[in-house]
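Hi,

Here is the structure I said I would pass on to you. Have a look at it first, then read on for what turned up in it.

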Amino acid sequence: MTALKNDRFLRALLKQPVDVTPIWMMRQAGRYLPEYRATRAKAGDFVSLMKNPELACEVTIQPLDRYPQLDAAILFSDILTIPDAMGQGLYFETGEGPRFKKVISSLADIEALPVTDAEKDLGYVMDAVRTIRRELNGRVPLIGFSGSPWTLATYMVEGGSSKDFRKTKAMLYDNPQAMHALLDKLAQSVTAYLNGQILAGAQAVQIFDSWGGALSAAAYQEFSLAYMKKIVDGLIREHDGRRVPVILFTKGGGLWLESLADAGAEALGLDWTCDIGSARARVGAKVALQGNMDPAVLYAKPAAIRAEVARILAAYGAGSGHVFNLGHGITPEVDPAHAGAFFEAVHELSAQYHQ
């Protein structure tokens, strides 16, 4: 494999010295970019774009071409590829987000689900990783990712997005055996999927636990964190002569940072409700931290964006172990120039913290 020309992101995840705080952004290949919208129109729809390795590569690299400050690329895909490969039938309803043709409602439904094979069932994702890695040619590292078992389970039981997770939580409390059976199958599938991405060329991986924060403290430990730990324990951690860092991101998980820091990952993602300085004090030297600007700041003028970047950098303080990011994904209505101002501010203002 080609040598990395910029490994700042990987170094920061391992708390090694860097010259400036590295930056990437969740959903950096997305609808805020006109070039992305053009490629998506060419593909026909989101699922067709995601399942075409060449087009997935094209949109993964678009933000890097526009913003030379970006320190990592993230695979263009979706967290719901695994349930789709399990036969749930993923489709997107305009204005309503992801939906599934089949819904899980019983232990019998769960027992009928296969554990997915990365190359056989999700080969288009592995092909996309290989294509992107080749086209990047060592420019920046490539991040692979998956949804967490709990987050995937919510979509499979609800049949799509949910505001209250009524069906999923009813199953969790009424029939914990069924919920554990589902989460165990998903954990096996996620482990195989992320290992497949690593073997195909992903140089770091992130687990998106988008809905872990909807659980009670006790339920989070048992039904979300326990399964993420199981995945971390099963991942390939050295490949291509390098450590493959793992990032865990539970949206709304700020209350449980100490438990998350003990899960075995190299880094924790933070949403914007957490103070990053307090988070650093709580986890100590155990893990690096990623985040955590409110995505809505990008609607403000560049001067305000810069001020918020400065505040977060100061809150984290001197030294490595910080990857700058948003506290969740960039939203479609953001002006691309504002994203550029954000990236420039991070590199320019962070140098003083790495003397």
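Here's one to start with: over how many bridges do S8 and strand S9 pair, and in which sense? Keep in mind that this is a predicted model. The answer is three bridges, in the parallel sense, with S9 covering residues 267-269. One pair you can look for is Leu248 and its bridge partner in S9, Leu268.

**The sheet around S8**

S8 has a partner on another side of the story too: strand S5 (residues 204-209) runs parallel to S8 and is joined to it by five bridges. Try finding Val205, which stands opposite Val246 in S8. Ile207 stands opposite Leu248, and Leu248 is also the residue that has Leu268 as its bridge partner in S9.

Now zoom out. These strands belong to an open sheet of seven, in the order S1-S4-S5-S8-S9-S10-S11, with parallel pairing. Why do S1 and S11 each have one side without a neighbour in the sheet? Strand S1 (73-74) and strand S11 (322-326) stand at the edges with a single partner strand each, so one side of each is left free of a neighbour there.

Back to S8, which spans residues 246-250: is it mostly covered or mostly open? Mostly covered, as five of its five residues are buried. In a regular strand, side chains alternate between the two faces of the sheet. For S8, that puts Val246, Leu248 and Thr250 on one side and Ile247 and Phe249 on the other, and both faces are covered.

**A pocket and a cavity**

The largest pocket has a volume of about 1,400 Å³. Its lining takes in 42 residues, and those nearest its centre are Arg27, Arg31, Phe46, Asp78 and Phe92. Helix H2 (34-43), helix H3 (46-50), strand S2 (90-93) and strand S3 (97-100) are the elements that each give two or more residues to this lining. Which of them gives the most? That is S2, with three residues. Sorted by class, the pocket lining has 21 nonpolar, 13 polar and eight charged residues.

There is also one cavity of 30 Å³ or more, and the volume of the largest cavity is about 30 Å³. Its lining is made up of Thr250, Gly253, Gly254, Leu257, Leu260, Gly269, Leu270, Asp271 and Cys274. You have already met Thr250, as one of the buried residues of S8. By class, four residues of the cavity lining are nonpolar, four are polar and one is charged.

**Some backbone oddities**

Where is there a cis peptide bond? Go to the bond from Gly291 to Asn292, where omega is near 0°. Asn292 sits in strand S10 (residues 288-293).

Two residues other than glycine are worth a click for their positive phi values. Phe165 has phi near 55°, and its place is in the loop between helix H9 (149-158) and helix H10 (166-174). Asp240 has phi near 60° and is found in the loop between strand S6 (238-239) and strand S7 (242-243). Their surroundings are worth a look as well: Phe165 has 5% relative accessibility and counts as buried, while Asp240 is partly exposed at 43%.

**A proline in a helix**

Pro63 lies in helix H4 (residues 53-66). Is Pro63 buried or exposed? Its relative accessibility is 0%, under the 20% cut-off, so Pro63 counts as buried. Leaving aside neighbours within four places in sequence, Pro63 is in contact with Gln28, Ala29, Tyr32, Leu33 and Leu70. Take Leu33 from that list: 30 residues separate it from Pro63 in sequence, yet their C-alpha atoms are 8.0 Å apart in space.

**What the record says**

UniProt, in an unreviewed entry, lists residues 22-31 and 143-159 for "domain: Uroporphyrinogen decarboxylase (URO-D)". In the model, residues 22-31 are 0% helix and 0% strand, with 23 Å between the end C-alpha atoms. Residues 143-159 are 59% helix and 29% strand, and their end C-alpha atoms lie 28 Å apart.

Have fun clicking around!

Notes:
Residues numbered from 1 in each chain as written. Predicted model: local features only at pLDDT ≥ 70, side-chain atom pairs only at ≥ 80, totals over all residues. Heavy atoms only, no water. Buried < 20%, exposed > 50% of the residue type's maximum accessible area, 1.4 Å probe, protein only. Helix = DSSP H or I, 4+ residues; strand = E, 2+ residues; numbered from the N terminus. Pairing = 2+ DSSP bridges. UniProt positions renumbered as here; feature names shortened; annotations may be inferred. 1 Å grid on protein atoms, 1.4 Å probe; cavity = no way out; pocket = protein on both sides within 12 Å on 5 of 7 lines; lining within 4 Å. Points joined across faces, edges and corners; volume = space filled by probe spheres on them. Nonpolar A, V, L, I, M, F, W, Y, C, P; charged D, E, K, R; others polar. Contact = heavy atoms within 4.5 Å.
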